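Let's take a walk through this protein together, starting with the broad view and then moving in on the details. Keep the 3D view open as you read.

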Amino acid sequence: MSSSSRSALAVLGRYLLPQWPRVLLLAVLLLGSIGLQLYVPLVLQRFIDTAQQQGALATLYRLAGVYLGAAVIVQLMQAGATYVGADVGWTSTNRLRADLMRHLMNLDMAYHKDHTPGEMIERVDGDVTALSNFFSQFSVRVFGAMLLLVGSLGVFWWRDWRVGLGVTLFAGLTLTVLLRLRRIGVEPSRQEREASARLYGFIEERLTGLDDLRALGAGPHALRGFLGVQKDFFWKSRAAWISRSVVWRASFVLFAIGYTAVLGAAVGMYAAGLVTIGTVYLYYQYMTLVEDPIDQLTQQLQELQKAGASLIRVGEVLALRTTLHSGERALPEGPLEVRFDDVTFSYGSGEDHAPVLRGVDLTIGAGRVVGLLGRTGSGKTTLTRLVTRLYDPTLGAVRVAGVDTRDLDTGALRERVAVVTQDVQLFQASVRDNLTLFDDRVPDDRVEEALKEAGLGDWLAGQPEGVRTPLAAGSLSAGEAQLLAFARVLLRDPGVVILDEPSSRLDPATEARLTLAMTNLLRGRTAIVIAHRLDTVARADDILVLGDGRVLEYGPRETLARDRASRYSALLSAGRSDLEEVLS
């Protein structure tokens, strides 16, 4: 058994076993349907032989009624099996999709930096959708086809062991050939899915940067790149289709030979007076019952090829393990102390990845607001990412409330540490869903209170459905989006707040409004405010200046302002809003 087949069976067991009552019902429907399908040709044989022998008309009526009744029941049972199989399959597929999404969301940031959102969409939706037919039809078509094949061969052996032996050898040879040919399509199918992922990733990235592409006149260049990626996907899809089609083409040739052999043997036996005309027809009917399941198997083998490639890709993702293993300790209420103990950090290993932070050793007292200054690339954002434990230090330790972040429950840590970035992510959902991030347990009055505290009370009063008003894409200004992000944080009531230059793109009037809301947000909390303008940190308790990943200066803001030798004092004297040159 190939690795993809073993993976398929393992996934089937994992997602089908919890649904065993419906699987049991499916088995009953399949067994009943297959039993009747095997019985119907025997009824036809008796009907033909009785008619040829000019038997009683009542007997013919009875046999016809049995045939019609059995045929109707077979159709009903097959329809029921198809419905139950689809229900079981889609339930399993949706569970797999949810598990895959949960797994991706828990992977390290290093994985997400190396893979585009389009690639992850292809994993969660594209690959799992490719598995949907495999899940929903495997039990009905493949398992049912195998039972029907075994039953048909059994009838051949029962009627004549020589015919049974010949047909069994033929079926074994056919399945062996097709199973071997099936492997040809697995690798091309995997490459097809990879090309599809690259195509989705390319589209997602270009649509995200559509404004810049249009503004800079790069549309033709983006289109040429798209055609290149699409061309690669086309040729890989074509190669995969050709590889998979080998199976059904071989099946057509083999069954042409098989039908010729069985009919030739049956006609010879009839000419010799060994069998009746009804038995000749019986052999033909059971040969179709051998062909149908093998034909089903070959069709599903093509789906299995796709499923095998998708399972390999899904399995690769599920096999990834985060290096940020969660601890078990919780954090207290109120403002929290943050301490960096000789922290060094690099985004990779080896000489090509120089440390971004080098020997950072400092303590941010509980309830203190720290203004974090530094030129681009100094390590400001990286420092805050270690606090939220998006990464772990390469050397040293980051402690929150005296506890190493590696010993803290990751979920509890991120509940108590909130981040507001420059680019606020808003969803096409209601105001309350954007604040609660789709948590139905939060009451509306708490959402309203957070909005008012963030300075959005008048804005909320103008919404036709209050907090239930849907937010249309692009309906908020940059300042309103930042205030909405503040309201998110206020709703959670964290102990540590990290602001990444919240006023960098705002006009003075909006910035004044934001400053007032920021004062409410930071009151009674520990805060790290990343700034590129001095006005942003004018009310900070302490100033931290980073340069080349090192602490260049750290101390009370007023003390540093009075110290003529300090970098912060030099910034104030220069009166610069842009810190790059002074800090270089």
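Start with how the chain folds back on itself: among the contacts in the protein with a separation of 6 or more, 76% are between residues 24 or more positions apart. Keep in mind that what you're looking at is a predicted model. The protein has 584 residues, and 46% of them count as buried. In terms of secondary structure, there are 20 helices and ten strands. As for the outside, the accessible surface comes to about 29,000 Å², with 58% of it belonging to carbon and sulfur atoms.

Now to the sheets. As a bit of background, strands of a sheet pair through backbone hydrogen bonds, either parallel or antiparallel. One open sheet here has six strands with mixed pairing, and if you trace across it you'll read the order β6-β7-β8-β3-β9-β10. At its edges sit β6 and β10 (550-556), each pairing on one side only. Ignoring direction, neighbouring strands of this sheet are turned by 15° against each other on average. For a look at one pairing, find strand β3 (residues 369-373) and strand β9 (residues 542-547), which run in the parallel sense and share four bridges. There, Leu 373 stands opposite Val 545 in β9.

Two helices to look for on this sheet are α11 and α16. Helix α11 packs on it and touches β3, β6, β7 (496-500), β8 (526-530) and β9, with a direction about 155° from that of β8. Helix α16 packs on the sheet too, touching β6 and β7, and its direction makes about 175° with that of β6.

There's also an open sheet of four strands, and its pairing is antiparallel, in the order β2-β1-β4-β5. Its edge strands are β2 (357-364) and β5 (403-404), each of which pairs on one side only. Strand β4 (residues 395-400) pairs with β5 in the antiparallel sense over two bridges, and you can spot Arg 399 standing opposite Asp 404 in β5. Here α11 turns up again: the helix packs on this sheet as well, touching β1 (338-345), β2 and β4, and its direction makes about 120° with that of β1.

So how many of the residues of α11 are buried? Six of its eight, which leaves the helix mostly covered. The buried ones are Lys 380, Thr 382, Leu 383, Thr 384, Leu 386 and Val 387. Pick out Thr 382, which lies in this helix (residues 380-387). Its relative accessibility is 7%, so Thr 382 counts as buried; the cut-off for that is under 20%. Setting aside neighbours within four places in sequence, Thr 382 is in contact with Phe 345, Tyr 347, Val 356 and Leu 357. Phe 345 and Tyr 347 also belong to one aromatic cluster together with Tyr 391. Just after α11, look for Arg 389, which takes a positive phi of about 60°.

What about the inside? In soluble globular proteins, nonpolar side chains tend to be buried together. The largest nonpolar core in this model has 43 residues, and those with the most contacts inside it are Leu 373, Leu 451, Phe 486, Leu 499 and Leu 522. Helix α16 (residues 478-492) gives the largest share of this core, with eight residues. Try zooming in on Leu 522: leaving out neighbours within four places in sequence, Leu 522 is in contact with Val 369, Val 497, Leu 499, Ala 527 and Val 529. Apart from this core lies another, of 30 residues, including Phe 170, Leu 178, Ala 250 and Tyr 259.

Last stop, the aromatic rings. The count comes to six aromatic pairs. One to look at is Phe 427 with Phe 438, an edge-to-face pair at 5.5 Å centre to centre, with 70° between the planes. Phe 427 sits in the loop between β6 (417-420) and α13 (431-436), while Phe 438 is in the loop between α13 and α14 (444-453), eleven residues apart. Are these two buried or exposed? Phe 427 has a relative accessible area of 33% and so is partly exposed, and Phe 438, at 44%, counts as partly exposed.

Definitions and conventions. Residues are numbered from 1 along each chain as its sequence is written. This is a predicted model: local features need pLDDT of at least 70, side-chain atom pairs count only at pLDDT 80 or more; totals for chains, interfaces and linings use all residues. Side-chain values use heavy atoms; hydrogens and water are left out. Buried means under 20% relative accessible area, exposed over 50%, partly exposed in between (1.4 Å probe, protein chains only). Contact means heavy atoms within 4.5 Å. Two strands pair if DSSP finds at least two bridges between them. Axes are lines fitted to C-alpha atoms, for helices over the stretch in contact, and angles run from 0 to 180 degrees between N-to-C directions. A nonpolar core is a set of buried Ala, Val, Leu, Ile, Met, Phe, Trp, Tyr and Cys residues joined through side-chain atoms within 4.5 Å. Accessible areas come from the Shrake-Rupley method with a 1.4 Å probe; for residues, only the protein chains shown count as cover. Rings of Phe, Tyr and Trp (its six-membered ring) pair if their centres lie within 6.5 Å; planes under 30 degrees apart count as stacked, over 60 as edge-to-face and the rest as tilted.
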